[in-house]
Amino acid sequence: MAANLTSIAISTRRVVRYGIFFIIFVTVARGVLAVGLNVYNAVVPKPPPAPTVRFGKLPAITFPTPNQDFPQFNYTVETTTGSLPAFPTQVRVYLMPPYTSTLYSADDAKKNATALGFAATPLELSPVLYRYASQKVPSVLEMNIVNGSFSVSYNLAADSSPLSGLPPAPEVAANQATELLTQSGTNVSDLTGPTKHEFLKLEGNNLVRALSLSDSNLIRINLFRKDYETGLVLEPKKLPSVTLDPNRSNAWMILSGARDRERQLVAAQVRHFKIDEKRFETYPIKTAAVAFEELKAGKGYIANLGLNKDGNITIRRVYLAYFDPDNATSLYYQPVVVFEGDREFFAYVPAVTSTYYGE
């Protein structure tokens, strides 16, 4: 009986010991397998799903005809790596919903114009474009009553008082511009990107750039869109916004330091159109090399020649961005390849693969 008990005890200890060894083995094996899978996924990442392209073929991005003659270009790539970057294979394209007129369009426009200080009965320039004149100062507002775009022009020749003092500091002017845009009915929720300012002074009949606040009469504030999601797991996860003029946003205002509100807004041009962040599709995009060949072939848009009249362009940065159109008929918020060079050179090439553009 004692021998049987001893055998049972020995067997039990062996079962427990081997059970512990087995548990340790399984635990270590799972850890090694997990590390191995992580290393494999890092070295050989899972390919992204195929582009959805459910918008069909996209309308080509409409760039304006250059207002100047360009020289023969000779491009040299001198980026920090010495070569063109590797782009992802696809990014999102966002829907920009069209605007439609309603029974309340004219009333809404009148309310927004009044909030900006233009309360007079408007002059109807077209079925959608109205002009409002200020009753207190020589200033005119023109507003599209359907999409809300507008411009303001102050006649400084008739009243130069807005030039008599210094303009507000950039931070103060940016807050004033945002407040005025809100009063105008403009959706400012995505105007949270970079804010650029420019000090201005009057020379003759022209506004020119001033070197500092103390040397200026006015300040121009440019409010750019925020960075938008690309839908990528890897970088870049967001892309910045660029406009036809890389130094000028589609929502800018020139402000004075006048105390009375009517003389603070000297000029403005706001063409900021809505984007539906929840409605997007993914599209394949060109490699940087293909985009560069298109640029060399004259298929890009020279956004700013800068001080490069000799045509010898040194490219320092090549990156993806979203092109922010200045008209309400673009329908889609699309990516472009940006070529940034010395002496303020900027050029854009549409980024979506050419086969996905319509006629």
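In the predicted model, strand β7 pairs with strand β9 (residues 218-223) in the antiparallel sense, and 6 bridges join the two. Within this pairing, Phe 199 of β7 has Ile 219 in β9 standing opposite. Both strands belong to an open sheet of 9 strands with antiparallel pairing, in the order β3-β4-β5-β6-β14-β13-β9-β7-β8. The edges of this sheet are formed by β3 (123-124) and β8 (206-209); each has a single partner strand, so one side of each is left without a neighbour in the sheet. Strands of a sheet pair through backbone hydrogen bonds, in either a parallel or an antiparallel arrangement.

A further set of pairings involves strand β17 (residues 312-323). Of the 12 residues in β17, 9 are buried, and the strand is thus mostly covered. With β1, β17 pairs in the parallel sense over 4 bridges, and Tyr 75 stands opposite Ile 313 in β17. Strand β12 (residues 241-242) also runs parallel to β17, to which 2 bridges join it; here Ser 241 has Tyr 322 as its bridge partner in β17. The pairing of β17 with strand β18 (residues 332-341) is antiparallel and extends over 8 bridges. In β18, Gly 341 is the residue opposite Ile 315.

Overall, the protein contains 4 helices and 19 strands. Of its 359 residues, 39% are buried. Among contacts with a separation of 6 or more, 70% are between residues 24 or more positions apart. The exposed surface of the protein amounts to about 20300 Å², of which carbon and sulfur atoms supply 56%.

Two loop residues were examined individually. Pro 88 is found in the loop between β1 (74-77) and β2 (90-95). Because its relative accessible area is 17%, under the 20% cut-off, Pro 88 counts as buried. Beyond its neighbours within four places in sequence, Pro 88 is in contact with Leu 232, Pro 236, Ile 285 and Leu 320. The C-alpha atoms of Pro 88 and Thr 287 are 8.2 Å apart in space, although the two residues are 199 residues apart in sequence.

Ala 258 is likewise a loop residue, placed between β13 (251-255) and β14 (265-270). Ala 258 is buried, with a relative accessible area of 16%. When neighbours within four places in sequence are left aside, its contacts are with Arg 263 and Gln 264. Ala 258 and Pro 167 are separated by 91 residues in sequence and by 7.7 Å in space, C-alpha to C-alpha.

Empty space in the model was also surveyed. Rolling a probe the size of a water molecule over the atoms shows where empty space is left. The largest pocket has a volume of about 860 Å³. Its lining consists of 29 residues, and Asp 245, Asn 247, Arg 248, Ala 303 and Asn 304 are those nearest the centre of the pocket. By class, the lining of this pocket comprises 9 nonpolar, 12 polar and 8 charged residues. Strands β7 (195-203) and β16 (301-304) each supply at least two residues of the lining. The most is given by β16, with 4 residues.

Enclosed space was found as well, with 2 cavities of 30 Å³ or more. The largest cavity holds about 100 Å³ of space. Its lining is made up of Leu 116, Gly 117, Phe 118, Ser 134, Val 137, Ser 139, Val 152, Leu 180, Arg 261, Glu 262, Gln 264 and Leu 265. Among these lining residues is Gln 264, which is also in contact with Ala 258. The lining of the largest cavity divides into 6 nonpolar, 4 polar and 2 charged residues.

The second largest cavity contains about 40 Å³ of space. Met 96, Pro 97, Tyr 99, Phe 273, Lys 274, Asn 327, Ala 328, Thr 329, Ser 330 and Leu 331 line this cavity. By class, 6 of the lining residues are nonpolar, 3 are polar and 1 is charged.

Conventions:
Residues numbered from 1 in each chain as written. Predicted model: local features only at pLDDT ≥ 70, side-chain atom pairs only at ≥ 80, totals over all residues. Heavy atoms only, no water. 1 Å grid on protein atoms, 1.4 Å probe; cavity = no way out; pocket = protein on both sides within 12 Å on 5 of 7 lines; lining within 4 Å. Points joined across faces, edges and corners; volume = space filled by probe spheres on them. Nonpolar A, V, L, I, M, F, W, Y, C, P; charged D, E, K, R; others polar. Buried < 20%, exposed > 50% of the residue type's maximum accessible area, 1.4 Å probe, protein only. Contact = heavy atoms within 4.5 Å. Areas by Shrake-Rupley, 256 points an atom, 1.4 Å probe, with all protein chains shown as cover. Pairing = 2+ DSSP bridges.
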